Amino acid sequence: MIAIPYLTALTTYFSYGLLFAFGQIRDFFRKFSDGWWSPNNLQGYAPICLGLEDFYIRRLYLRIQDCFGRPISSAPDAWFDVVERFSNDNNKTLKRTEKINRCLNLGSYNYLGFAAADEYCTPRVIESLKKYSSSTCSTRVDGGTTVLHNELEECVARFVGKPAAIVFGMGYVTNSAILPVLVGKGSLIISDSLNHNSIVNGARGSGATVRVFQHNTPSHLEEVLREQIAGGQPRTHRPWKKIVVIVEGIYSMEGELCKLPEIIAICKKYKAYTYLDEAHSIGAVGKTGRGVCELLGVDTADVDIMMGTFTKSFGSCGGYIAGSKELIQYLKYTCPAHLYATSISLPAAEQIISAIRVILGEDGSSRGAQKLARIRENSNFFRSELQKMGFEVLGDNDSPVMPIMLYNPAKIPAFSRECLKQNVAVVTVAFPATPLLLARARICISASHTREDLNKALEVISRVGDLVGIKYFPAEPKKLHQEERMKLE
């Protein structure tokens, strides 16, 4: 749990209260000025947008929408080109200009640097585009399976340490379409309280009973399991058909590593299946990039269903499910994302295969090992420096995701805009993606960042942090390097 400073929580609530109150007052006078008896232009239709959602968009989101959805005009490498925008109607609409700003990229999931041109991957992707075209224009069960798809599934299964795998063209769909196939009525899903929205939607659509345990708390998971096993299904109290516990390897909004060994031990004790989402951890952590199982010393045979995406560490798109051969065969017969969705693009598939080869050193070089060492060093260096400056930074060591807590709604646009002015592009996240009080800036570190890039980012973030007032802890005294001490002496 995040311990929010009392004064910060109070001022944050007060700020949201002011925004809500003044927004309601303005809406009242706008309605009054338009006339109480003005004709309804909906002509009998119900409003598409609900009242509170419409109010939130108009009175809160539109004020700061320039901080989100910023268009770029280059590859999302360590540095990228951000298109400048302006508004003539108080941010209701944004228009692009011809001006391009070269900014340091601290927002993309380009963990290993494969999103930009690569000496090994790019030529092979271009060749696959010439050979196969950009799309199969068909589903996997019709004319959409190629030898490259089969090679990709074999490559992924070998990489994550499972007998078989199935791939999909979209990472979000991998969770939301798979869960309704695996579990249904009479089954139980026990989900971490901070699991990704794709898991939440997949669980809701499955028809299974869903229970939640406190984020990353194995003891509470065991409590929930014992209670649910003892009570059985609602009304009938029959035993559950199956129980699936769903966790993430790295939680994307917190940057925390899953307590996987303890959770697996509990699942084994109560005969529950383990579903591990490694969207942000596969390829990014572990000695050879094989994710949290490798990092935490967990045997992949103890994880029943392994899910991951190719949109982060591999610089591509899509997702995968890896498990037993029987599980994968069953999914190929029943999963709608496999039966009815267009198969993953062939150049995207080749990018994944090539990236895995580089990571494993099968390209004949040591670049993969160097990338893995660099992202680990970059992440731990950046996190420790932010903490020394006095920022409240969430997450664990080795995680490339590091949220900086902002809390107050006024500090969300202030931090984002001030960083952009100094050519550092950051991602800010607020309600409803996070709880109301827990707005943050989410920093994502890449292996393509040099130490000079990181030092520049730290200088800018430190200046902006002082300006905006988000250093909630006292900064540590700066230690002089040996060369600096000699100069002073």
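These legends go with an overall view and several close-ups of a predicted model.

**Overall view. The whole protein, with 16 helices and 13 strands.** Along its principal axes, the C-alpha trace spans about 75 × 60 × 50 Å. A compact globule of 489 residues would have a radius of gyration near 23 Å, and the protein's 24 Å agrees with that. Buried residues account for 50% of the 489. If you take the contacts with a separation of 6 or more, 70% come from residues 24 or more positions apart. The protein exposes about 24,100 Å², with carbon and sulfur atoms supplying 56% of that area. As for charge, there are 56 positive and 49 negative charges, and their mean positions sit 4 Å apart.

**Close-up 1. Helix H4, residues 147-160, and what covers it.** H4 has 14 residues and reaches 20 Å from its first C-alpha to its last, close to the 20 Å expected at 1.5 Å a residue. Its buried residues include Leu148, Leu152, Cys155, Val156 and Phe159. An α-helix has 3.6 residues a turn, so residues three or four places apart point the same way. His149 and Glu153 are also on the buried list for H4. The cover over the buried residues includes helices H3 (121-132), H10 (325-334) and H12 (346-360), along with strands S3 (164-168), S8 (305-309) and S9 (319-323). Right after H4 comes Gly161, with a positive phi near 85 degrees.

**Close-up 2. The loop between H3 and H4, with Ser133 picked out.** Most residues other than glycine have a negative phi. Ser133 is not a glycine, yet its phi is positive, near 80 degrees. Ser133 counts as partly exposed because its relative accessibility is 38%.

**Close-up 3. Tyr407, in the loop between strand S10 (401-405) and helix H14 (411-421).** Here is another residue that is not a glycine but has a positive phi: for Tyr407 the value is about 70 degrees. At 0% relative accessibility, Tyr407 counts as buried.

**Close-up 4. The cis peptide bond from Phe431 to Pro432.** Omega for this bond is near 10 degrees. Most peptide bonds are trans. To find the spot, look in the loop between strand S12 (427-429) and strand S13 (440-444), where Pro432 lies.

**Close-up 5. Helix H15, residues 451-468, and the neighbours of Lys456.** H15 has 18 residues and reaches 25 Å from first C-alpha to last, close to the 26 Å expected at 1.5 Å a residue. Among its buried residues are Leu454, Ala457, Leu458, Ile461, Val464, Gly465 and Val468. Asp453 and Ser462 are buried in H15 as well. Lys456 is in this helix too, but with a relative accessible area of 28% it is partly exposed. Leaving aside residues up to four places away in sequence, Lys456 touches Trp79, Gln422 and Asn423. Lys456 and Asn423 are 33 residues apart in sequence, with their C-alpha atoms 9.9 Å apart. Just after H15, Gly469 takes a positive phi of about 85 degrees.

**Close-up 6. Leu18 in helix H1, residues 6-34.** Leu18 counts as partly exposed because its relative accessibility is 37%. For a sense of scale, Leu18 and Ile189 are 171 residues apart in sequence and 39 Å apart in space, C-alpha to C-alpha.

Terms used: Residues numbered from 1 in each chain as written. Predicted model: local features only at pLDDT ≥ 70, side-chain atom pairs only at ≥ 80, totals over all residues. Heavy atoms only, no water. Helix = DSSP H or I, 4+ residues; strand = E, 2+ residues; numbered from the N terminus. Expected span 1.5 Å × (residues − 1). Buried < 20%, exposed > 50% of the residue type's maximum accessible area, 1.4 Å probe, protein only. Rg over C-alpha atoms; globule rule 2.2 N^0.38 Å. Contact = heavy atoms within 4.5 Å. Areas by Shrake-Rupley, 256 points an atom, 1.4 Å probe, with all protein chains shown as cover. Lys, Arg positive; Asp, Glu negative; His and termini not counted. Charge placed at Lys NZ, Arg CZ, Asp CG, Glu CD.
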